[in-house]
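User: I've got a protein model open and I'd like to get my bearings in it. Can we go through it with some short questions?

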Amino acid sequence: MAWRCTGRTNAELISNLAKQGIISSDCVSAAISKVDRANYVTHPSDAYQDSPQPIGHGATISAPHMHAYAVEHLLPYLNPGARVLDVGSGSGYLCAVLHHLVSPPPSPTQPHPSQGKVIGVDHIPELVEWSKKNLEKDGLGPALGDGRIEMITGDGRQGYPASGPYDAIHVGAASPSLPQALIDQLKAPGKMFIPVGVYSQAIWEVEKTATGEVKKRRVMDVMYVPLTDAEKQNRGY
């Protein structure tokens with residue numbers, strides 16, 4: 001079970017996620033290993049618990065197993081050079097993980113890898129500024145500086161068409177229904193990972209084929225904070 005993945009260190013947390021089969025790809029393990037969750041939580045002593053944690057303003061950072069599930073499901077579209085949108089980017093943690101997948105450093109086999117772009121959108125300005133500080137603390141100041149990571153204050157329900165279309169879209173809060181604006185901003189082909197529902201929620205995988213056909217698949221039951229506007233979120237929905 002996911003709650004068994006809690007570790008004493010970032011490495012132990014990731015190892016436990018792999019032992020439970022939640023992380024199954026070497027490249028996902030490598031990307032998550034480069035991101036220290038302690039830089040993205042309000043209480044670093046609890047950073048490696050496999051549970052969602054409050055980050056202020058009615059928002060949370062998702063449990064590590066949910067971030068791992070999201071990345072594994074989106075992985076076929078997280079290639080070097082891909083463009084990714086993270087709606088409800090909160091602490092910036094998942095933007096960092098996604099960055100390491102779509103903008104990998106040079107290697108002997110890939111001396112000049114394509115550089116992708118990750119857009120994080122959140123409607124709470126204070127969280128956007130905090131996420132930038134978290135990313136800088138985690139060594140990603142240069143990626144912020146040259147635009148490989150961009151953190152935007154805005155209504156994520158409308159996506160961010162200025163930088164689309166996107167190979168992959170992750171939504172970190174539950175939408176009452178599938179937002180058409182986000183489906184429209186998916187590339188063909190492309191994929192979205194989104195929690196949907198109000199009282200009963202589930203993760204939906206929305207895939208757009210190369211011909212533009214939209215396919216939807218229910219993946220698992222979940223419980224997320226709602227995807228709402230800044231005013232409702234700040235007053236507790």
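User: How many aromatic pairs does the count come to?
Analyst: Keep in mind that this is a predicted model. Rings of Phe, Tyr and Trp pair if their centres lie within 6.5 Å. By this rule the count comes to one aromatic pair.

User: Is the pair of Tyr 40 and Tyr 93 stacked or edge-to-face?
Analyst: The ring centres of Tyr 40 and Tyr 93 are 5.6 Å apart, and their planes are at 85°. Planes over 60 degrees apart count as edge-to-face. With planes at 85°, the pair is therefore edge-to-face.

User: How many residues apart in sequence are the parts that this pair ties together?
Analyst: Look at where the two rings sit: Tyr 40 is in the loop between helix 2 and strand 1, while Tyr 93 is in helix 4. So the pair ties together parts whose separation in sequence is 53 residues.

User: Are Tyr 40 and Tyr 93 buried or exposed?
Analyst: Buried means under 20% relative accessible area. Tyr 40 has a relative accessible area of 0%, and Tyr 93 has 4% relative accessibility. Tyr 40 is therefore buried, and Tyr 93 counts as buried.

User: Which helix gives the most to the largest nonpolar core?
Analyst: This core has 53 residues, and those with the most contacts inside it are Ile 32, Tyr 40, Leu 78, Val 97 and Leu 135. Eight residues come from the helix that gives the most, residues 93-102, and that's helix 4.

User: How many residues are in the other core, which lies apart from it?
Analyst: Val 121, Leu 186, Ile 194 and Leu 227 are among the members of this other core. Its count is 17 residues.

User: Which residues does Ile 32 contact, leaving aside its neighbours within four places in sequence?
Analyst: Ile 32 is one of the residues with the most contacts inside the largest nonpolar core. With those sequence neighbours left aside, Ile 32 is in contact with Asn 10, Ile 14, Ile 23, Ala 68, Tyr 93 and Val 97.

User: Is His 99 buried or exposed?
Analyst: You'll find His 99 in helix 4. Not counting residues up to four places away in sequence, His 99 touches Pro 104, Val 118, Leu 140, Ala 143, Arg 148 and Ile 149. Its relative accessible area is 4%, so His 99 is buried.

User: How many of the eleven residues in helix 3 are buried?
Analyst: Helix 3 covers residues 64-74 and is mostly covered. The buried residues include Pro 64, Met 66, Val 71 and Leu 74. Out of eleven residues, the number buried is ten.

User: Is Asp 26 buried or exposed?
Analyst: Asp 26 belongs to helix 2, residues 26-33. Exposed means over 50% relative accessible area. Asp 26 has 71%, so the word for Asp 26 is exposed.

User: How far apart in space are Asp 26 and Gln 180?
Analyst: Along the sequence, Asp 26 and Gln 180 are 154 residues apart. In space, going from C-alpha to C-alpha, they are separated by 33 Å.

User: What is the volume of the largest cavity?
Analyst: Here's the idea behind it: rolling a probe the size of a water molecule over the atoms shows where empty space is left. The structure holds one cavity of 30 Å³ or more. For the largest cavity, the volume is about 280 Å³.

User: Which element gives the largest share of the lining of the largest cavity?
Analyst: In all, 26 residues line the largest cavity, and Gly 88, Ser 89, Gly 90, Asp 122 and Gly 172 are the closest to its centre. Strand 2, strand 3, helix 4 and strand 4 each give two or more residues. The largest share, three residues, comes from strand 2.

User: How many charged residues are in the lining of the largest pocket?
Analyst: The largest pocket holds about 210 Å³ of space. Its lining includes Pro 52, His 65, Gly 172 and Tyr 224. By class there are seven nonpolar and four polar residues, and the charged count is none.

User: Where is Pro 189, which is joined to Ala 188 by a cis peptide bond?
Analyst: The bond between Ala 188 and Pro 189 has an omega of about 10°. Pro 189 is in residues 186-196, which make up strand 7.

Conventions: Residues are numbered from 1 along each chain as its sequence is written. This is a predicted model: local features need pLDDT of at least 70, side-chain atom pairs count only at pLDDT 80 or more; totals for chains, interfaces and linings use all residues. Side-chain values use heavy atoms; hydrogens and water are left out. On a 1 Å grid over the protein atoms alone, a cavity is a set of points where a 1.4 Å probe fits but cannot get out, and a pocket is an open set with protein on both sides within 12 Å along at least five of seven lines; lining residues have an atom within 4 Å of a point. Grid points are joined across faces, edges and corners, and a volume is the space filled by probe spheres set on the points. Ala, Val, Leu, Ile, Met, Phe, Trp, Tyr, Cys and Pro count as nonpolar, Asp, Glu, Lys and Arg as charged, and the others, Gly among them, as polar. Helices (H or I, at least four residues) and strands (E, at least two) are DSSP runs, numbered from the N terminus. Buried means under 20% relative accessible area, exposed over 50%, partly exposed in between (1.4 Å probe, protein chains only). A nonpolar core is a set of buried Ala, Val, Leu, Ile, Met, Phe, Trp, Tyr and Cys residues joined through side-chain atoms within 4.5 Å. Contact means heavy atoms within 4.5 Å. Rings of Phe, Tyr and Trp (its six-membered ring) pair if their centres lie within 6.5 Å; planes under 30 degrees apart count as stacked, over 60 as edge-to-face and the rest as tilted.
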